[in-house]
Amino acid sequence: MDDSERGTPWVVGVSGASGTPYAAAVLRALLHAGEAVDLVVSRAARLTVLDETGAPFRDAHWREDLARWLARGADGTPDRFETDRSRVRYWSAGDLAAGPSSGSYPVKGMLIVPASTACVAGVALGLSKDLLQRAASVTLKEGRPLVVAVRETPLGGQTLKHLVALDEAGAVVLPASPAFYAGATHIQDLVDFVAGRALDAVGVPHKLYRRWEGELGGAGAAADGAAVD
């Protein structure tokens, strides 16, 4: 599929923080919504992918590695999901001449999922040490949506200052903090809630979690229904 068929993409950056299931859920949901994706996986994130999934993520074999990653459930179940990956374009994190490094390269915005504290600092300070950070800086300077799903606890003072700086620059700071009112019965439900909130922040429709409708007891009813199924 060429770029004209893919449409204008969202950049998804994956940093080295723990939380690769969050990234997989966001990628699946964007693709299921018919969105195109430009994917950037930092060098540190490759180690996290290997540690959390047991499988590598390699530049030369990114298609096979991505297929295995997106098929995996948050609990480690292989081949749980099927996803059309034809709208994904991959850029190496070391390629500072890549499309997303320039403001003239058309994208809808960017989501960093998960965002490590080192990534947060690099983007807040404008370091652009790799393509992920550079693409985030470009997103901010062009006034495009940027979601930063920080995955760390507790948060130190310097990181909090960096997050405030990102908020002031126009980014959406979205802690990877799952809620329980949606009737979660599985770890995948908690992961999907965070992914859904990230997509909410950029206006991409999805059905990843049950939305609050102003009535108490909905989570229990959802859990009962899941148990019956």
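**Exercise 1.** In this predicted model, determine whether helix α2 is largely enclosed by the rest of the structure or exposed, and state the grounds.

*Solution.* Step 1: locate the helix. Helix α2 covers residues 20-32, 13 residues in total. Step 2: apply the cut-off, under which a residue is buried when its relative accessible area is under 20%. Step 3: list the residues that meet this criterion. They are Thr-20, Tyr-22, Ala-23, Ala-24, Ala-25, Val-26, Leu-27, Arg-28, Ala-29, Leu-30 and Leu-31. Step 4: conclude. Because eleven of the 13 residues are buried, α2 is largely enclosed by the rest of the structure.

**Exercise 2.** Compare the span of helix α2 with the expected value, and identify the glycine with positive phi that follows the helix.

*Solution.* Step 1: take the distance from the first C-alpha of α2 to the last, which is 18 Å. Step 2: set this against the expectation at 1.5 Å a residue, also 18 Å; the span is close to that value. Step 3: inspect what comes after the helix. Gly-34 follows α2, and its phi is positive, near 85°.

**Exercise 3.** Locate the cis peptide bonds that precede Pro-114 and Pro-154, and place each proline in the fold.

*Solution.* Step 1: Val-113 and Pro-114 are joined by a cis peptide bond with omega about -10°. Pro-114 belongs to strand β4, residues 109-115. Step 2: a cis bond also links Thr-153 to Pro-154, with omega about -10°. Pro-154 sits in the loop between β5 (146-150) and α7 (157-169).

**Exercise 4.** Where do Asp-79 and Ser-128 lie, and what are their phi values?

*Solution.* Step 1: Asp-79, a residue other than glycine, has a positive phi near 55°. Asp-79 is placed in the loop between α4 (62-71) and β3 (88-92). Step 2: test the accessibility of Asp-79. The cut-off for exposed is over 50%; at 69% relative accessibility, Asp-79 therefore counts as exposed. Step 3: Ser-128, also not a glycine, has a positive phi near 50°. Ser-128 lies in the loop between α5 (117-124) and α6 (131-141).

**Exercise 5.** Assess whether the radius of gyration of the protein chain agrees with that of a compact globule, and describe the chain as a whole.

*Solution.* Step 1: for 229 residues, a compact globule would have a radius of gyration near 17 Å; the chain has 17 Å, which agrees. Step 2: consider the secondary structure, which comprises nine helices and six strands. Step 3: consider burial and contacts. Buried residues form 47% of the 229 residues. Among contacts with a separation of 6 or more, 72% join residues 24 or more positions apart.

Note on methods:
Residues are numbered from 1 along each chain as its sequence is written. This is a predicted model: local features need pLDDT of at least 70, side-chain atom pairs count only at pLDDT 80 or more; totals for chains, interfaces and linings use all residues. Side-chain values use heavy atoms; hydrogens and water are left out. Helices (H or I, at least four residues) and strands (E, at least two) are DSSP runs, numbered from the N terminus. The radius of gyration is taken over C-alpha atoms; the globule rule is 2.2 Å times the number of residues to the power 0.38. Buried means under 20% relative accessible area, exposed over 50%, partly exposed in between (1.4 Å probe, protein chains only). Contact means heavy atoms within 4.5 Å. The expected span of a helix is 1.5 Å times one less than its number of residues.
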